[in-house]
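Here are my notes for you, written as short numbered points. Keep the structure open while you read and look up each residue as it comes along.

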Amino acid sequence: MADNKTPYDVLGVAKAASDADIKKAYRRLAKELHPDLTGNDPAKADRFKAVSAAYDLLRDTDKRRRYDAGEIDASGQERPQQQSYRHYAETDRSGRYDAGGGFDDLGDLFKNAFRSRGFGDDFTNRRQRGQDVHFHMQISFREAVEGGKKPVTLPDIGRVEISIPPGIEDGQTLRLAGKGGPGTNGGPAGDALITVSVAADPIFTRDGDDIHMDLPISIDEAVLGGPVEVPLPGGRVRLKVPAQSSSGRVMRLRGKGITRANGRAGDLLVTLRVVLPQTEDAALAAAIRDWRAAHSYDPRADWPADRGGDPT
């Protein structure tokens, strides 16, 4: 982690921060630093990579626990379980670790210490896995719902095809095995970790596997009912609006929400919104006046008698 900052420092959260606080901090920084929004500012791009790496570590419960325990570093790599020089000096009585005891430098000290523990002549020659590299990718609401293959070009990796599972959620991370940094001494390459953000949609919102939307209907559709075409992220479906449907009525279309790879599907919840004509309609106004004169009703009749406070 750059400048010896911890992942908590990078995200600007306390070590005791909740998962929700960590996700909130990441989203705020991602919007501020994303290359698509900053004109590819190199400094901000580097910071965005650091933010993505920090979030990937802290959002994973096991990785966060191991990092806090000192078992892995900020990049997710294992920390060597080695004893300190002070430990050897204080526990050994042979004089091997005293100043002038035969070691030219601390490198010799640790080389011999590791040799005695079975690591070979040179601990630094062991096979090590490469670093994971982090990226960010934005997809549309429809892509998140339907999933599929998405070709992208990643820096230092090139053009790859990413498999997006249907129903992927905002903030989820995809892993491309072996596409990260190269290993050393024959070790395996690291992985490419791609954090996905789902762009807001002008029509649809998501709640778990359910999709919500507002459906504008005309006054005659509200009064008389009838079939109305409803858009879906990947098509259209016909909905029968019941007669006498008030604005705010919610209709549920079962199985028309998010469909997971295992076949489990959420629902589409459609909230009806009665919309009047954009321009004044004299005939409609005259008809309503005649109707009101003969059929006046109080839509607030069910309110409590004491509404609290005097009318103004």
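1. Let's begin with the parts list: this protein has 10 helices and 11 strands. Keep in mind that you're looking at a predicted model.

2. Now the whole chain. The protein has 312 residues, and 31% of them are buried. About 19800 Å² of the protein is exposed, with carbon and sulfur atoms supplying 49% of that area. As for contacts with a separation of 6 or more, 51% come from residues 24 or more positions apart.

3. Next, find strand 11, which covers residues 268-274. Is it mostly covered or mostly uncovered? Mostly covered: five of its seven residues are buried.

4. Which way do the partners of strand 11 run, parallel or antiparallel? Strand 7 (residues 210-217) runs parallel to strand 11, and seven bridges join the two. To see this pairing on screen, look for H212, which stands opposite L269 in strand 11. Strand 10 (residues 250-253) is antiparallel to strand 11, and here the number of bridges is four. For this pairing, look for V250, which sits opposite T271 in strand 11.

5. On to the largest pocket, which has a volume of about 870 Å³. It is lined by 23 residues, and the ones closest to its centre are I219, V223, I288, W291 and Y297. Sorted by class, the lining has 14 nonpolar residues, five polar ones and four charged ones.

6. Which helices supply at least two residues each to that pocket lining? They are helix 9 (219-224) and helix 10 (282-295). Helix 10 gives the most, with six residues.

7. Then there's the cavity. Searching the whole structure for cavities of 30 Å³ or more turns up one. The largest cavity holds about 50 Å³ of space. Its lining is made of A53, D56, L57, K63, A74, S75, G76, D132 and H134. By class, that gives three nonpolar, three polar and three charged residues. Helix 4 (residues 42-58) gives the most to this lining, with three residues.

8. Stay with helix 4 a moment, as S52 lies in it. Why does S52 count as buried? Its relative accessibility is 0%, and buried means under 20%, so S52 falls on the buried side. Leaving out residues up to four places away in sequence, S52 touches Y26 and H134. You've met H134 already: it is one of the residues lining the largest cavity.

9. For a contrast, go to Q244, in the loop between strand 9 (235-241) and strand 10. Is Q244 buried or exposed? Exposed, because its relative accessible area is 60% and the cut-off for exposed is over 50%.

10. Even so, Q244 has contacts to look at. Leaving out residues up to four places away in sequence, Q244 touches A222, V223 and R249. Take A222: it is 22 residues from Q244 in sequence, yet their C-alpha atoms are 5.7 Å apart in space. V223 is a familiar name too, since it is among the residues closest to the centre of the largest pocket.

Conventions:
Residues are numbered from 1 along each chain as its sequence is written. This is a predicted model: local features need pLDDT of at least 70, side-chain atom pairs count only at pLDDT 80 or more; totals for chains, interfaces and linings use all residues. Side-chain values use heavy atoms; hydrogens and water are left out. On a 1 Å grid over the protein atoms alone, a cavity is a set of points where a 1.4 Å probe fits but cannot get out, and a pocket is an open set with protein on both sides within 12 Å along at least five of seven lines; lining residues have an atom within 4 Å of a point. Grid points are joined across faces, edges and corners, and a volume is the space filled by probe spheres set on the points. Ala, Val, Leu, Ile, Met, Phe, Trp, Tyr, Cys and Pro count as nonpolar, Asp, Glu, Lys and Arg as charged, and the others, Gly among them, as polar. Buried means under 20% relative accessible area, exposed over 50%, partly exposed in between (1.4 Å probe, protein chains only). Contact means heavy atoms within 4.5 Å. Accessible areas come from the Shrake-Rupley method with a 1.4 Å probe; for residues, only the protein chains shown count as cover. Two strands pair if DSSP finds at least two bridges between them.
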